[in-house]
Each structure stands twice: as structure tokens, then as C-alpha cells.
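The following exercises train the reading of a protein structure, from the overall fold down to single charged residues. Please attempt each task before turning to its solution.

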Amino acid sequence: MRLLLDTDILLDVALDRSPHAEPAARLLDALEGRPGRAFIAWHSAANFFYLVSPLRGKGDARAFLTDLTRFVDVAPPTTALLRLAAGLPMKDFEAAMQVAAALACGAGVIATRHVRDYARGPVRAATPRTLLEEVI
């Protein structure tokens, strides 16, 4: 199964946000041995960088993203996908953009702590704990 990692998963690991960091890190560890199965949205990289760099430094934020791309690919952004996101019946536009990215890379699930944000989207959302239990 292909999956898209929501930005919150990356932030939990990079900022060691307890109690969420542990299952998020375990999920990334599980994906590390399975290249081509995990993706992030293009905008997640920028959001991650601007949220992490003030706390951990620009070098650490860039190093995290560079290391991540050893086994996580970036879903391709397009104008059509932005339009698709804008037309989804979801309250959270950033979550709608994540859904569009998931559709672009063929992901069947979005890994996130904010499952409710995706309730009206066409792609299933699940927490890292749930995905680990399902033996991704």
C-alpha cells in the first residue's frame, strides 16, 4: 500500500512532540525499508521547513528533509490538483491539498493525527498507530 505522510507526522518526529513522536518515528522506520511506498505533498516540505527551522535551525531542517527523501518521494504538484483540492467538500483547505497529493501519487491512505480533517475526503486517513497495527 502507498501512503502519504501528512506534515504533522514529520513535525512530531523532528520536534519530538510527545506522545506522538514515538508512533510517528516507528512508522517512518517501517517505511525506510520500503522505498517507493511513502510520499509527502510538495507543500509539506515548505511548511515543515518554516515550522522546524526556528526551533532546530535551518541546517537541521534541511538535513531532515534530505534524509527523508532517501525513502519518501514527493507527490507531483499540478494546477489541476490545486483545482481538485479547491473543489473538495472539506473544511480544511490544507488537508484538501494533502488529499490531492495522495491522489496524484496513488496513495490509498494518508498518515495523520488529524483523521477528522479528512472525514469528507475521498482518501482514507489513519493514525500512525493504526497503520502500524495493520502492518503497513
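Four exercises on this predicted model follow, each with a worked solution.

**Exercise 1. The fold and its dimensions**

Determine how many helices and strands the protein has, in which order they run, and how the radius of gyration relates to the globule rule.

*Solution.*
Step 1. Counting the elements gives seven helices and five strands.
Step 2. Reading from the N terminus, one finds the order β-α-α-β-α-α-β-α-α-β-β-α.
Step 3. The radius of gyration is 14 Å, close to the 14 Å that the globule rule gives for 136 residues, so the protein is as compact as a globular protein of that length.
Step 4. For the extent in space, the C-alpha trace spans about 35 × 30 × 25 Å along its principal axes.

**Exercise 2. Interior, surface and contacts**

State what share of the residues is buried, what the exposed surface consists of, and what share of the contacts joins residues at least 24 apart.

*Solution.*
Step 1. Buried residues make up 44% of the 136 residues.
Step 2. The protein exposes about 7000 Å², and 56% of this area is supplied by carbon and sulfur atoms.
Step 3. Consider contacts between residues at least 6 apart in sequence: 64% of them join residues at least 24 apart.

**Exercise 3. Two residues of helix α1**

Classify Thr7 as buried or exposed, list its contacts, and then find which side chain of opposite charge is nearest to Asp8.

*Solution.*
Step 1. Thr7 belongs to helix α1, which comprises residues 7-14.
Step 2. The relative accessibility of Thr7 is 7%; because a residue under 20% counts as buried, Thr7 is buried.
Step 3. Apart from its neighbours within four places in sequence, Thr7 has contacts with Ser44, Asn47, Phe48, Glu94 and Gln98.
Step 4. Asp8 also lies in helix α1. Residues up to four places away in sequence being left out, Asp8 touches Arg17, Ala111, Thr112, Arg113 and His114.
Step 5. Asp8 is buried but has no salt bridge, and its nearest side chain of opposite charge, Arg113, is 4.2 Å away. The cut-off for a salt bridge is 4 Å between a side-chain nitrogen and a carboxyl oxygen.

**Exercise 4. Charges and salt bridges**

Establish how far apart the mean positions of the positive and negative charges are, how many salt bridges the structure holds, and how accessible the partners are in three of them.

*Solution.*
Step 1. Side chains of opposite charge can pair when their charged atoms come close.
Step 2. The protein has 16 positive and 15 negative charges, whose mean positions are 4 Å apart.
Step 3. A search of the whole structure yields eight salt bridges.
Step 4. One of them joins Arg17 and Asp12, with the closest N and O atoms 2.8 Å apart. Arg17 is partly exposed at 29% relative accessibility, whereas Asp12 is buried at 0%.
Step 5. Another salt bridge links Asp60 to Arg56, where the closest N and O atoms are 3.9 Å apart. Asp60 has a relative accessible area of 40% and is partly exposed; Arg56 is partly exposed as well, with 34%.
Step 6. In the salt bridge of Asp67 with Arg70, the closest N and O atoms are 2.5 Å apart. Asp67 counts as partly exposed at 39%, and Arg70 is partly exposed at 49%.
Step 7. Finally, salt bridges with shared partners join Asp12, Arg17 and Arg113 into one network.

Key:
Residues are numbered from 1 along each chain as its sequence is written. This is a predicted model: local features need pLDDT of at least 70, side-chain atom pairs count only at pLDDT 80 or more; totals for chains, interfaces and linings use all residues. Side-chain values use heavy atoms; hydrogens and water are left out. Helices (H or I, at least four residues) and strands (E, at least two) are DSSP runs, numbered from the N terminus. The radius of gyration is taken over C-alpha atoms; the globule rule is 2.2 Å times the number of residues to the power 0.38. Buried means under 20% relative accessible area, exposed over 50%, partly exposed in between (1.4 Å probe, protein chains only). Contact means heavy atoms within 4.5 Å. Accessible areas come from the Shrake-Rupley method with a 1.4 Å probe; for residues, only the protein chains shown count as cover. Lys and Arg count as positive and Asp and Glu as negative; His and the chain ends are not counted. The place of a charge is taken as NZ of Lys, CZ of Arg, CG of Asp or CD of Glu.
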